[in-house]
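User: Please examine one part of this model closely: the packing of its helices, and the surroundings in which that packing is found. I should like a single connected account that proceeds from residue to residue.

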Amino acid sequence: MEKSAVLLLLLPHMVCKVHTMKCTGDNPLQILHQWYQPGDILIGEIATHIGYVAYQVYFTEHPSGDFIHLSAVMTKFYQHILALVFAIKEINQNPNILPNVTLGFHIYDSYVDKRWTYRTIFDLLFQSYSFSPNFKCGIQKYVIGVIGGLGFETSSYMADILSSYKIPQISFGSFKSTHFPSFYHMVPNEALQYVGIVQLLVHFRWKWVGLITFDNEGGEDFLQTLEPMLSRNGICVAFIERTLRKVHLDSVDALLKFRDSNAAVFLESKAKVIVVYGEAPTILWLAKALWESAQMMSIRDTEHMERTSKGKVWVTTAQIDFAVTNFLKGFDIQIFHGALSFTIHSNAVPQFQKFLQSKKPSWTNENGFIREFWEEVFDCEFPVSMNPTNTNKMCTGEERLDSIPATIFEMSMTGHSYNIYNAVYAIAHSLHMMYSYRAKHAAVKGGDKLTFLTLEPWQLHPFLQRISFNNSAGDKIMFNDYGELVAGFDMTNLVTFPNNSYIRVKVGKLEAQPLPGKELTIHEDRTEWHRDLSQKPPFSLCNEKCYPGYSKKMKEGKKFCCYDCALCPEGKVSNQEDMDSCITCPAGHFPNKFQDQCIPKIPRFLFFEEPLSIILAFMALFFSLVTAVVLAIFIKYQDTPIVKANNRSLTYILLVSLFLCFLCSLLFIGKPNQVTCLLRQTAFGIIFSVAVSSLLAKTVTVVVAFMASKPGNILRKWVGKKLASSVVISCSSIQIGICALWLAAYPPFPDLDVHSLTTEIIVQCNEGSVTLFYCLFGYLGFLAIVCFTMAFLARKLPDSFNEAKFITFSMLVFCSVWLSFLPTYLSTRGRDMVVVEIFSILASSAGLLGCIFLPKCFILIVRPEMNNREHLIRKQISICNN
């Protein structure tokens, strides 16, 4: 409202023509600080160097021109003034830019006050000695452009007036847009800085941060923009502290609030990282709060001091500069040691430091800033001082600027000064482009100097908007379509020293046009951290991190960054810190003891090298050898009665089958492959069916022979080898048919079972078809039961060397083994299942071999006298008498 009132009172709606006349207005309030150097064309600057606290203005009396003598001289910002002077000096000495045209300047101070900003702008544009807005009185001042201000508010106050006259304004510190077409930013777009802040926090995994900002519109915009970005990246705000930008000393409430503001909130917070947004006064407020807190801590208990004095990591935005006033000269800058700052990109400008060292206090009135600056910096006084404070020390003018701390004044060009330097050159190059354009399209008037004095500021905009040049430091300067500098930011690390000085070390950069997500580059190895930090870089979390093996468990009613840690459930792991939930290991892996990593499961099968495999293989080979020996014995004694009495051919088939049964168990040892998987069960099933069929044929032969011995029995014609062969072939063919169907339709194949066992991968043969697998075993069991039944019924038939009782006992062993095999086989997994099957094959085969052939071998070798016809006849007669 106040801004609108000033504009309505002072400005017309439209200015068509500016008149030159002799003005007789009232003398305005006296401007105490200015620096004027005449020239053909002037560049104005509104600096922020001195701040005075003034009374409120009431419209009941004439506003007082008196300041309250509570001045705050921002000595560090005197460099902003010298940067403009230096740039204009270079341009005037450069014959390649604006030849035959001399640039001048007129520099004012905003005094960090709206009224004085308006006042100085009017004085810059119109006559200084009488207040007549919209008229140029007396001497002519051709102001082609104005540079300023440092902050958004000062810049917007200037733009209120300058935009009405379409005078180019280049702000060197304000990021916020004013929506005026004549307004230019010598700074990048602020959105890039927000991206950099978030990426910095994400890079160091800082999840719990504090925010400090101005209690004004700019601060609220900052919070509304940044907080959602932080949330999207898993970062929480521990606290928000809003600072007072300025205070009126006639407001009691404001004074009390200003006095009571302190750093207790953020010093006692668990947040190790604090993001500070604002302008130079933000650091002043923060320094004051920290200084007051330090004074209070000195009288508190030691425990409280230790808790609150631990180091913090300060992250500051590009608008902020580490500068203090005379009120805080005793403030220890080392509390900010290790601060990370986004700073406006800058490079060393040649000869600038030499220029600073050449500046001495002048006894003339040209420079209205240097006296107070010099007195403030060196704590001395000139013979005539505006604010006498120290009558004991007189200024000699020979003091050296390079001897004072960087918080008071820096010898290297700061980012803001670099922007001012570039802004002056941008205006000069724009003028040069216009000069070249007019040289082609206009005549020369009055000798060899072009008619620049008829130049209107608004005519500069087309050239300024498309300006592009390389400055003396090698950086390219140009504006985008929104009047913003096309550039990035530097990431600097504040390194402080005991003498209250500091240096900025570049540790990274924030690129303007990189790949998304890659804007920020930071070098941790160059970064120094606060000396009180125990962990470097520090953790900034609401609570302790959840280590691997644990996952987050949200706390009800708390921010999502605050959580408990819960142990992962059985079978799950968390292999990183602060995982939201535990995860299941991928196939083929299992959790370790601490559930913080997945271990590959061990492939398990019956290795040849295992002791158990060696034992089983030895048993298989041993019984195979025994079977071969038995076969050799029977072949040797093939013409003896005991061999001939029980179908010699069936005996050979049975022995060969048993020999192959023992050997087929070796197919189950070793890593399964395509061949072994195809042969394992099918070979076993066919060979065993042949063996059992042979026993069944023996039994059937005995039964048929007994029944055929009765006169007139029709079975007499079946007695002989033909019957035995038919039984073996027919019974075996059915099993062969089952196996052929199995191999053709659902062939077994090597497979990995990664789920059955926790720590092992079972390398096995997938049977392909479980139905056909059980059909094979079912048919084999059927044959065994039929054979056992018939042998049991025929065990007492009166036949020479009747094998029925031996077959009965062998089939009893066979069935017992395989009936025990089934539940054991179904209840085991992996190699144990294979061992069970091998053992069952060996046991059942050995049972058949021992029960049937051991008695015969005993007679053939040990009791050969019993292997004769007479003995068989006597035995048969004895059986019949019984």
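Analyst: What follows treats the helix packing in turn and then the loops with unusual backbone geometry.

The model is predicted. Its chain contains 23 helices and 29 strands. Of the 882 residues, 51% count as buried. Among contacts between residues at least 6 apart in sequence, 72% join residues at least 24 apart.

The account begins with helix 15. Helix 15 runs over residues 611–636, and at 1.5 Å a residue its 26 residues should span 38 Å; the C-alpha atoms at its ends are 37 Å apart, which agrees with that expectation. Its buried residues are Ser 613, Leu 616, Ala 617, Ala 620, Ser 624, Thr 627, Val 630, Ile 633 and Phe 634. An α-helix has 3.6 residues a turn, so residues three or four places apart point the same way. The cover over the buried residues of helix 15 includes helix 16 (641–644), helix 17 (648–664) and helix 22 (831–862).

Two packed helices are described by the angle between their axes and the distance between the axes. For helix 15 and helix 17 the angle is about 165° and the axes are 8 Å apart. That angle makes helix 15 roughly antiparallel to helix 17. The crossing of helix 15 with helix 17 is left-handed. From helix 15, the contact draws on Ala 620, Leu 621, Phe 623, Ser 624, Thr 627, Ala 628, Val 630, Leu 631, Phe 634 and Ile 635, which meet Thr 651, Tyr 652, Leu 655, Val 656, Leu 658, Phe 659, Phe 662 and Leu 663 of helix 17. By class, this contact has 15 nonpolar, three polar and no charged residues.

Helix 17 also packs against helix 22, at an angle of about 155° and with the axes 9 Å apart. Helix 17 is therefore roughly antiparallel to helix 22. This crossing, too, is left-handed. On the side of helix 17 the contact is made by Thr 651, Leu 654, Leu 655, Leu 658, Cys 661, Phe 662 and Cys 664, and on the side of helix 22 by Ile 841, Leu 842, Ser 845, Ala 846, Leu 848, Leu 849, Ile 852 and Phe 853. Sorted by class, the contact of helix 17 with helix 22 has 13 nonpolar, two polar and no charged residues. Thr 651, Leu 655, Leu 658 and Phe 662 of helix 17 take part both in the contact with helix 15 and in the contact with helix 22.

Another helix pair is formed by helix 3 (residues 114–125) and helix 4 (residues 152–162), which pack at an angle of about 40° with their axes 9 Å apart. Helix 3 and helix 4 are therefore oblique to each other. Helix 3 passes helix 4 in a right-handed crossing. The residues in contact are Lys 114, Thr 117, Tyr 118, Ile 121, Phe 122 and Leu 125 of helix 3, together with Thr 154, Tyr 157, Met 158, Asp 160, Ile 161 and Leu 162 of helix 4. The classes in this contact are eight nonpolar, two polar and two charged residues.

Helix 4 is largely enclosed by the rest of the structure, because ten of its eleven residues are buried. These buried residues are Glu 153, Thr 154, Ser 155, Ser 156, Tyr 157, Met 158, Ala 159, Asp 160, Ile 161 and Leu 162.

The loops on either side of helix 4 have backbone features of their own. Most residues other than glycine have a negative phi, and most peptide bonds are trans. Gly 149, in the loop between strand 8 (143–147) and helix 4, is joined to Gly 148 by a cis peptide bond with omega of about 0°. Lys 166 lies in the loop between helix 4 and strand 9 (169–171). Although Lys 166 is not a glycine, its phi is positive, about 55°. Lys 166 counts as exposed, at 52% relative accessibility.

Similar features occur in other loops. A cis peptide bond with omega of about -10° joins Lys 536 and Pro 537, and Pro 537 belongs to the loop between strand 20 and strand 21 (550–554). Gln 351, in the loop between strand 15 (340–344) and helix 11 (352–358), has a positive phi near 70°. With a relative accessibility of 51%, Gln 351 counts as exposed.

Definitions and conventions:
Residues are numbered from 1 along each chain as its sequence is written. This is a predicted model: local features need pLDDT of at least 70, side-chain atom pairs count only at pLDDT 80 or more; totals for chains, interfaces and linings use all residues. Side-chain values use heavy atoms; hydrogens and water are left out. Helices (H or I, at least four residues) and strands (E, at least two) are DSSP runs, numbered from the N terminus. The expected span of a helix is 1.5 Å times one less than its number of residues. Buried means under 20% relative accessible area, exposed over 50%, partly exposed in between (1.4 Å probe, protein chains only). Contact means heavy atoms within 4.5 Å. Axes are lines fitted to C-alpha atoms, for helices over the stretch in contact, and angles run from 0 to 180 degrees between N-to-C directions. Angles under 35 degrees count as roughly parallel, over 145 as roughly antiparallel, 65 to 115 as roughly perpendicular and the rest as oblique. A crossing is left-handed if the near helix is turned anticlockwise from the far one by less than a right angle, and right-handed if clockwise. Ala, Val, Leu, Ile, Met, Phe, Trp, Tyr, Cys and Pro count as nonpolar, Asp, Glu, Lys and Arg as charged, and the others, Gly among them, as polar.
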